[in-house]
Amino acid sequence: MPENVEGLRSPPSAVGNFICPSGSGSLVKYFLKKAGCEILFGHKVTKISPSDEKWETLCENGASHAFDAVVLTIPVPQVLQLDGLIPHLESDHIEKLKAVKYCSRYALGFFYDDESSFFKDIPWCAKFIDDDIIRYCAIDVHKRKGTGLPSMVFHTSKEFGASYIDDTANVIQDLIAKRIKQLFPKMPKPKEIKFHKWRYSQVEQKYCGEQACLVVSKKPLLIFGGDGFSNSNFENCVLSAQNITEKIVGLVS
């Protein structure tokens, strides 16, 4: 990661901070391609239930599939919203899953069709801000050390997210854009603005367990994992992935 990130606080044990020039999604795509996985898009799972020693999934588009093993790494509240799962969870597991807490945030992306001197004059590529509404902003192309037209991304504070999480998108976008204008009065008007809502942004209270995953059923195999079981940073997400892999290898082989 470039050194000109203002307000970055790293733990004493950190060996460094890194970025993915093509975005964090490129990591996921790399490993999926390496594993030779078949990816199905537009298949939002709404129900999971056991059937003939397999887990059967029902999707929003009406498709159904049967699997020998299922791994869920979506936010824990969304796991509990899936039909068919609750009867197969132990009461202790349900209580601990319901105790997992997330903070909520909003993000706004500003996109430009020309290179303004405004971006060339800013000494930082990203900045953490002590503000009631805006917590973080970055000039994306500079942060990634890339080339091309500039864009800026803004993340709100978790306090702002908690206060306005159920408000309409237009109201929230206007509030955030107004505050950005106050913080950066010389910033040019973007050609396009993209708005994103993170209801489940970062884990504030993880699942109470010793492992960074939870084996719900051994046969058929069902495992819950992700940052809800290890906390929200890259290292803990990798830790959960490693724990899940070890469980699968140990139980399937």
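## Two domains in one chain

Domain bounds here come from an automatic or database domain assignment. For this predicted model, that assignment gives domain 1 (5–22 + 102–204) and domain 2 (40–100 + 206–252). Each domain is thus written as two stretches of the chain, as you can follow in the numbering. The centres of domain 1 and domain 2, taken over C-alpha atoms, are separated by 31 Å. Where they meet, 5 residues of domain 1 are in contact with 11 residues of domain 2.

## The protein as a whole

Let's step back for the overall picture. The protein has 8 helices and 12 strands, and its C-alpha trace spans about 65 × 40 × 35 Å along the principal axes. Of the 253 residues, 34% are buried.

The exposed surface comes to about 15,700 Å², with carbon and sulfur atoms supplying 52% of it. Among contacts with a separation of 6 or more, 62% are made by residues 24 or more positions apart.

## A pocket between the domains

The second largest pocket has a volume of about 160 Å³. Helix 2 (76–80), helix 3 (91–98), strand 6 (101–111) and strand 10 (192–205) are the elements that give two or more residues to its lining. If you would like to select the lining in your viewer, take Val76, Pro77, Leu80, Leu97, Lys98, Val100, Lys101, Tyr102, Ser104, Arg199 and Tyr200. By class, that makes 7 nonpolar, 1 polar and 3 charged residues.

Why does the second largest pocket lie between domain 1 and domain 2? Both domains give residues to the lining, so the pocket sits between them.

## Two buried aromatic side chains

Trp124 is a good residue to visit in the loop between helix 4 (117–121) and strand 7 (126–128). Its relative accessible area is 6%, so Trp124 is buried, the cut-off for that class being under 20%. Leaving out residues up to four places away in sequence, Trp124 touches Asn4, Glu6, Cys137, Ile139, Met152 and Phe184. Ala138 is 14 residues from Trp124 in sequence, and the two C-alpha atoms are 8.3 Å apart in space.

His93 is found in helix 3. At 12% relative accessibility, His93 counts as buried. Its contacts, neighbours within four places in sequence aside, are with Tyr207 and Leu214.

## Backbone geometry worth a look

Most residues other than glycine have a negative phi, and most peptide bonds are trans. A few places in this model depart from that pattern, and they are easy to find.

Asp52 is not a glycine, yet its phi is positive, at about 55 degrees. The loop between strand 2 (45–51) and strand 3 (54–59) holds Asp52. Is Asp52 buried or exposed? With 73% relative accessibility, Asp52 counts as exposed. Asn231 also has a positive phi, near 90 degrees, and lies in the loop between strand 12 and helix 8 (234–252). At 30% relative accessibility, Asn231 counts as partly exposed.

The peptide bond from Lys219 to Pro220 is cis, with omega near -5 degrees. Pro220 belongs to the loop between strand 11 (213–218) and strand 12 (221–225).

How values were computed:
Residues numbered from 1 in each chain as written. Predicted model: local features only at pLDDT ≥ 70, side-chain atom pairs only at ≥ 80, totals over all residues. Heavy atoms only, no water. 1 Å grid on protein atoms, 1.4 Å probe; cavity = no way out; pocket = protein on both sides within 12 Å on 5 of 7 lines; lining within 4 Å. Points joined across faces, edges and corners; volume = space filled by probe spheres on them. Helix = DSSP H or I, 4+ residues; strand = E, 2+ residues; numbered from the N terminus. Nonpolar A, V, L, I, M, F, W, Y, C, P; charged D, E, K, R; others polar. Buried < 20%, exposed > 50% of the residue type's maximum accessible area, 1.4 Å probe, protein only. Contact = heavy atoms within 4.5 Å. Areas by Shrake-Rupley, 256 points an atom, 1.4 Å probe, with all protein chains shown as cover.
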